[in-house]
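Open the model in your viewer and get ready to select a few residues. We will go from one stop to the next together.

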Amino acid sequence: MNPPDNESAKLKLEQVGEEVTLAAGDCVVKQGDPPLFFYVIISGRLKVYRETHDGIRTDLTSLGPGDYFGEVALVTGKPRTATVEAVED
């Protein structure tokens, strides 16, 4: 049996998910939410932060094209540990 050529082996977005467009300031996931999706960033920038019960916010990182997030919560089934928000459209 021959392995598939590179082109036929590539997954297409519509086979595994859907593209979502966000505006700057939109929340993608909120800390404490149940895990529902895994995300891959195609364009734009996102910021990741945590907030304590008394409202103290800690910025964790920023994400851009090629980055991904959400896989840990899907694997563990535990609530989201941080909030992810769009910085750019």
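The tour visits two pockets and then one arginine.

This is a predicted model, where local features need pLDDT of at least 70 and side-chain atom pairs count only at pLDDT 80 or more, while totals for chains, interfaces and linings use all residues. Residues are numbered from 1 along each chain as its sequence is written, and side-chain values use heavy atoms, with hydrogens and water left out.

**Stop 1.** Select Glu 18, Glu 19, Val 20, Tyr 39 and Val 40: of the 24 residues lining the largest pocket, these lie nearest its centre. A pocket is an open set of points on a 1 Å grid over the protein atoms alone, where a 1.4 Å probe fits, with protein on both sides within 12 Å along at least five of seven lines; lining residues have an atom within 4 Å of a point. The volume here is about 770 Å³.

**Stop 2.** Now select Phe 69, Gly 70, Val 72, Thr 81 and Ala 82, the closest to the centre of the second largest pocket among its 19 lining residues. This pocket has a volume of about 350 Å³.

**Stop 3.** Keep Gly 70 shown and add Arg 80. The backbone oxygen of Gly 70 is 3.4 Å from a polar atom of the Arg 80 side chain. Is Arg 80 buried or exposed? Arg 80 is buried (under 20% relative accessible area, 1.4 Å probe, protein chains only). Yet Arg 80 has no salt bridge (a side-chain nitrogen of Lys or Arg within 4 Å of a carboxyl oxygen of Asp or Glu). Finally, select Asp 33, the nearest side chain of opposite charge to Arg 80, 6.6 Å away.

Notes. Grid points are joined across faces, edges and corners, and a volume is the space filled by probe spheres set on the points. Buried means under 20% relative accessible area, exposed over 50%, partly exposed in between (1.4 Å probe, protein chains only). Lys and Arg count as positive and Asp and Glu as negative; His and the chain ends are not counted. A polar contact is a pair of N or O atoms within 3.5 Å; within protein, one must be able to donate a hydrogen and the other to accept it, and residues adjacent in sequence count only if both atoms are side-chain atoms.
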